[in-house]
Amino acid sequence: MAEPRRSYYGGQAVLEGVMMRGRKWMAVAVRAPGGQIVVRSERLPDHLYSGFIGRTAFIRGLTMLWDSLGLGMKALMFSADVATEGERAEMSKPVRWSTMAVALVFGIGLFFVTPVMIGSLAQDVTSSGLAAHLVEALVRLALLAAYVGLIGLLPDVRRVYAYHGAEHMTIHAFEAGDPLVAERIKRYSPAHPRCGTAFLLLVVAISIAVFAVVGTPSLPLRVLSRILLIPVIAGLAYEVLRFGGAHVEHPLVRLLVAPGLALQTLTTRYPDEQQIEVAVAAFSEMRRRESEAVPAPTT
């Protein structure tokens with residue numbers, strides 16, 4: 001049997017496709033309306049993934065997450081272009097970043113500010129800071145689960161969730177030393193301990209501890225503290241996720257990642273063979289690029 005391999009490969013599902021990210025290259029593969037798989041690759045910034053930043057705990061989490069947002073946006077725009085066979089109007093860079101900024105503001109408002117407001121109401125009713133803290137944590141967790149579950153009811157999102165499962169299953173097969181063919185990949189779980197869904201759940205869990213230290217100051221200060229501490233919480237969550245992915249065989253680590261794996265039942269689906277083929281195409285292209293001695297131009 002092949003020996004299991006540890007890796008820090010990750011990715012993201014896009015419209016009818018998958019983006020795979022390695023240490024030096026990313027590749028995105030998309031199923032075109034005509035049935036063919038279209039693949040594009042791109043060199044990653046060395047200073048983020050292989051340099052000082054990539055080796056420095058807590059700092060690397062913030063920079064890599066920000067870069068991942070940019071990569072995800074580019075991969076999503078590419079998949080939309082393939083899906084419309086080039087008929088989609090090209091979005092300028094300012095428009096792309098503005099769209100991402102609006103999404104970030106919406107996310108912060110929904111998952112950080114709204115729970116604080118509801119927790120403050122609970123404090124007004126009970127005169128208890130502990131009640132405010134518990135209500136805020138429960139509302140944040142409920143909003144996360146409801147959001148990912150409800151959007152999964154949309155047909156297009158269900159297909160994205162299936163590609164999400166294909167991404168995880170392909171990485172599982174590689175890490176287990178299995179050949180990357182659909183028959184072998186189908187044996188693996190669509191949940192993975194390094195998934196972004198698990199990261200979001202860790203953010204919620206760590207925020208409970210961090211915000212407990214802050215206490216219950218006035219409402220404006222409480223809202224401000226939630227926003228300002230997001231980078232700290234994200235950096236901590238990234239390191240916990242990275243550690244869990246590297247030591248998932250340990251019983252205590254398995255216990256730690258279990259809630260994240262359970263939440264992925266809402267954000268992943270079992271893919272069909274064609275969707276697995278797309279994930280394999282992206283992963284194989286990324287691995288091929290990373291094996292090249294001299295960086296080649298993008299395809």
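This report walks through the helices, aromatic contacts and nonpolar cores of a predicted model.

**Overall picture**

The protein contains twelve helices and four strands. Of its 299 residues, 46% are buried. Its accessible surface comes to about 15000 Å², and carbon and sulfur atoms account for 68% of that area. Contacts that span long stretches of sequence are well represented: among those between residues at least 6 apart, 67% join residues at least 24 apart.

**Helix α6**

Let's begin with α6, which covers residues 155-175. Its 21 residues reach 31 Å from the first C-alpha to the last, close to the 30 Å expected at 1.5 Å a residue. How many of the residues of α6 are buried? The count is 16 of the 21, so the helix is largely enclosed by the rest of the structure. Just after α6 comes glycine 177, with a positive phi of about 80°.

**Aromatic pairs and charges over rings**

A search of the whole structure finds four aromatic pairs. Two of them are set out here, with the distance between ring centres and the angle between planes.

| Pair | Centre to centre | Angle between planes | Arrangement |
|---|---|---|---|
| Tyrosine 9 and phenylalanine 283 | 5.4 Å | 90° | edge-to-face |
| Phenylalanine 111 and tyrosine 147 | 5.9 Å | 85° | edge-to-face |

Tyrosine 9 lies in the segment before β1 (10-14) and phenylalanine 283 in helix α12 (residues 273-291), so their pair ties together parts that are 274 residues apart in sequence. Both tyrosine 9 and phenylalanine 283 are buried. These two also belong to one aromatic cluster formed by Tyr9, Phe174 and Phe283.

The other pair in the table links two helices. Phenylalanine 111 is in α4 (residues 93-126) and tyrosine 147 is in α5 (residues 129-151), so the pair ties together parts 36 residues apart in sequence. Are the two partners buried or partly exposed? Phenylalanine 111 counts as buried because its relative accessibility is 16%, below the 20% cut-off. Tyrosine 147, at 37% relative accessibility, counts as partly exposed.

Two arginines are placed over aromatic rings as well. Arginine 226 lies over the face of phenylalanine 211, at 4.2 Å from the ring centre. The charged end of arginine 289 sits over the ring of tryptophan 25, 5.1 Å from its centre.

**Nonpolar cores**

In soluble globular proteins, nonpolar side chains tend to be buried together. Here, the largest nonpolar core has 23 residues. Those with the most contacts inside this core are Phe112, Leu144, Phe199, Val203, Ile233 and Ala237. Which helices each supply at least two residues of this core? They are α4, α5, α6, α8 (196-214) and α10 (230-246). The largest share, nine residues, comes from α8.

Alanine 237 gives a good view of the packing: leaving aside its neighbours within four places in sequence, alanine 237 is in contact with Phe199, Leu202, Val203 and Ile206. Apart from the largest core lies another, of 22 residues, and Ala13, Ala29, Tyr163 and Ala282 are among them.

**A closer look at valine 116**

Valine 116 lies in helix α4, and at 0% relative accessibility it counts as buried. Beyond its neighbours within four places in sequence, valine 116 is in contact with Glu136, Arg140, Leu219, Arg222, Val223 and Arg226. One of these, arginine 226, is the residue that lies over the face of phenylalanine 211. Valine 116 and alanine 132 are 16 residues apart in sequence, with 8.1 Å between their C-alpha atoms.

Note on methods
Residues are numbered from 1 along each chain as its sequence is written. This is a predicted model: local features need pLDDT of at least 70, side-chain atom pairs count only at pLDDT 80 or more; totals for chains, interfaces and linings use all residues. Side-chain values use heavy atoms; hydrogens and water are left out. The expected span of a helix is 1.5 Å times one less than its number of residues. Buried means under 20% relative accessible area, exposed over 50%, partly exposed in between (1.4 Å probe, protein chains only). Rings of Phe, Tyr and Trp (its six-membered ring) pair if their centres lie within 6.5 Å; planes under 30 degrees apart count as stacked, over 60 as edge-to-face and the rest as tilted. A charge sits over a ring if NZ of Lys or CZ of Arg is within 6 Å of the ring centre and within 35 degrees of the ring normal. A nonpolar core is a set of buried Ala, Val, Leu, Ile, Met, Phe, Trp, Tyr and Cys residues joined through side-chain atoms within 4.5 Å. Contact means heavy atoms within 4.5 Å. Accessible areas come from the Shrake-Rupley method with a 1.4 Å probe; for residues, only the protein chains shown count as cover.
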